[in-house]
Amino acid sequence: MEQTSLSSGYGTPEFYCDLFADILADVQHDIPGSGTAILQGFVMAIDSWADYHKQELLAFEELRENLLNG
């Protein structure tokens, strides 16, 4: 696999390929469940970001409400 610099091409498929390749390197044949742990971690990260954005939305709604209603 050809490696590209993480400092160039931000947001390109090649950039994300490098990031995913780094994570996939942690899958170990002699460590059962390592692949499953990576997938579980990905879901946890999605959930964490979703919760963060839900909280941010609530903060913006409160700010808007305070602005409009004094």
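Helices (H or I, at least four residues) and strands (E, at least two) are taken as DSSP runs and numbered from the N terminus. On this basis the protein has 2 helices and 0 strands, and helix H2 is followed by Gly-70, whose phi is positive, near 75°. The model is a predicted one, in which local features need pLDDT of at least 70 and side-chain atom pairs count only at pLDDT 80 or more, whereas totals for chains, interfaces and linings use all residues. Residues are numbered from 1 along each chain as its sequence is written, and side-chain values use heavy atoms, with hydrogens and water left out.

Helix H2, formed by residues 34-69, has 36 residues and reaches 52 Å from its first C-alpha to its last, close to the 52 Å expected at 1.5 Å a residue, where the expected span is 1.5 Å times one less than the number of residues. Helix H1, formed by residues 13-24, has 12 residues and reaches 16 Å between its first and last C-alpha, close to the expected 16 Å. The buried residues of H1 (buried meaning under 20% relative accessible area, exposed over 50% and partly exposed in between, with a 1.4 Å probe and protein chains only) are Phe-15, Asp-18 and Ala-21. They cover an arc of only 130° around the axis, which puts them on the same side of H1, the arc being that of the directions from the helix axis to the C-beta atoms. The face of H1 turned away from this buried side carries the exposed residues Pro-13 and Leu-24.

The structure holds 3 aromatic pairs, for which rings of Phe, Tyr and Trp (its six-membered ring) must have centres within 6.5 Å, with planes under 30 degrees apart counted as stacked, over 60 as edge-to-face and the rest as tilted. The ring centres of Tyr-10 and Phe-15 are 4.9 Å apart and their planes stand at 65°, so this pair is edge-to-face. For Phe-15 and Tyr-16, the centres lie 5.1 Å apart with the planes at 90°, so this pair is likewise edge-to-face. Ring pairs thereby link Tyr-10, Phe-15 and Tyr-16 into a cluster, in which Tyr-10 is exposed at a relative accessible area of 65%, Phe-15 is buried at 8%, and Tyr-16 is partly exposed at 32%.

Tyr-10 and Tyr-16 also contribute, together with Leu-19, Phe-20, Ile-23, Leu-24 and Val-27, to a nonpolar surface patch of about 690 Å². Over the protein as a whole, 6% of the 70 residues count as buried, and the accessible surface comes to about 6,200 Å², of which 62% belongs to carbon and sulfur atoms. Accessible areas come from the Shrake-Rupley method with a 1.4 Å probe.

Definitions and conventions: Patches are made of residues with over 30% relative accessible area and no salt bridge: like charges are joined within 9 Å, nonpolar side chains (Val, Leu, Ile, Met, Phe, Trp, Tyr) within 5 Å. A salt bridge is a side-chain nitrogen of Lys or Arg within 4 Å of a carboxyl oxygen of Asp or Glu.
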